[in-house]
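Colleague: I would like a close look at a single part of this model. Please take me through the sheet, strand by strand, and then through what surrounds it.

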Amino acid sequence: MKESTDPPALDRTDLRILRLLQSDGRMGNAEIAKRVNTSAATCHRRLQALFAGGVVRVVRALIDPARVGRGTLVIVGVVLDRSTPEAFSAFEAAVRGIPTVLDCHLVAGDFDYFLKIRVSDMADFNRLHSTTLLGLPGVRQLRTFFVMKEVIDNAPLDL
């Protein structure tokens, strides 16, 4: 049987639970239940269903990058030398192994991919660029954009 790609039906209570989790992932089941006006058992079942259905993939802490030595944010546009499934697969497999890459998105337009990278400073990025990024499979061109100010970053979904 083919798995459905349609999003699950979410009611008002599910959406309220999701908003609360996005605002504070440490909030306990009892507090969530109280805020959405359900019993703790009902809230727990709903949370389990949201996780099981893939609506909530993971709950984790947002770390202040500057406080852990990763205060420089860099966006890198990547152009590959070929647009084939094999070239895309090889690039994606290689980029998954770079711990400083936070996001990798296949895009339409002038670039094939955009990478979001966190490093300590420009010298750190220069090392990464010369030792790792230039050697990624199929890379024809890299365009680097140093972020001067993060206006919105990791904003919660508008539910």
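Modeller: What follows starts with the sheet and then moves on to the helices and two single residues. Keep in mind that this is a predicted model.

Start with the sheet as a whole. It is open and has 4 strands. Read across it, and the order is β2-β3-β1-β4. The pairing is antiparallel. Now look at the two ends of that order. β2 covers residues 101–106, and β4 covers residues 139–146. Both stand at the edges. Each has a single partner strand, so one side of each is left without a neighbour in the sheet. The sheet also twists, by an average of 20° from one strand to the next.

Next, take strand β1, residues 72–80. How many of the residues of β1 are buried? The count is 8 of 9, so β1 is mostly covered, given that buried means under 20% relative accessible area. β1 pairs with β4 in the antiparallel sense, over 7 bridges. You can find some of these partners by eye. I75 in β1 has F145 of β4 as its bridge partner. Further along, V79 is bridged to Q141, again in β4.

Now turn to the pairing of β1 with β3. These strands run antiparallel and are joined by 7 bridges. V76 has L115 in β3 as its bridge partner. G77 stands opposite F114 in β3. Follow these pairs on the display, and you can trace how the strands are matched.

Strand β3 covers residues 113–119. It is mostly covered, with 6 of its 7 residues buried. β3 is also joined to β2, by 5 bridges, and the two run antiparallel. One place to look is V101, which stands opposite I117 in β3. β2 and β3 form a hairpin with 6 residues between the strands. In that hairpin, G109 takes a positive phi near 125°.

What lies across the sheet? Helix α4, residues 85–95, lies across β1, β2, β3 and β4. α4 runs at about 10° to β3.

Now for the helices earlier in the chain. Two packed helices are described by the angle between their axes and the distance between the axes. Begin with helix α1, residues 12–23, and helix α2, residues 29–36. They pack at an angle of about 130°, and their axes are 10 Å apart. That angle makes α1 oblique to α2. The crossing of α1 and α2 is right-handed. Which residues meet there? From α1 come T13, R16, I17, L20 and L21. From α2 come I32, R35 and V36. By class, this contact of α1 with α2 has 5 nonpolar residues, 1 polar and 2 charged.

α1 also packs with helix α3, residues 40–52. Here the angle is about 80°, and the axes are 11 Å apart. That makes α1 roughly perpendicular to α3. On the α1 side, the contact involves T13, D14, I17, L18 and L21. On the α3 side, look for C43, R46, L47 and L50. The classes in this contact of α1 with α3 are 6 nonpolar, 1 polar and 2 charged. Some α1 residues serve both contacts, among them T13, I17 and L21.

Two single residues complete the tour. G28 sits in the loop between α1 and α2. Is G28 buried or partly exposed? Its relative accessibility is 35%, so G28 counts as partly exposed. G28 and A40 are 12 residues apart along the chain, and their C-alpha atoms are separated by 9.9 Å.

The other residue is L157, in the segment after β4. L157 has a relative accessibility of 61%, so it counts as exposed. Along the chain, L157 and R19 are 138 residues apart. In space, their C-alpha atoms are separated by 8.1 Å.

Go back to the sheet to finish. Place the order β2-β3-β1-β4 on the display once more. Then find α4 lying across these strands. Check the edges too, where β2 and β4 each have a single partner strand.

Terms used:
Residues numbered from 1 in each chain as written. Predicted model: local features only at pLDDT ≥ 70, side-chain atom pairs only at ≥ 80, totals over all residues. Heavy atoms only, no water. Axes fitted to C-alpha atoms, helices over the stretch in contact; angles between N-to-C directions. Parallel < 35°, antiparallel > 145°, perpendicular 65-115°, else oblique. Left-handed = near helix turned anticlockwise from the far one by under 90°. Contact = heavy atoms within 4.5 Å. Nonpolar A, V, L, I, M, F, W, Y, C, P; charged D, E, K, R; others polar. Pairing = 2+ DSSP bridges. Buried < 20%, exposed > 50% of the residue type's maximum accessible area, 1.4 Å probe, protein only.
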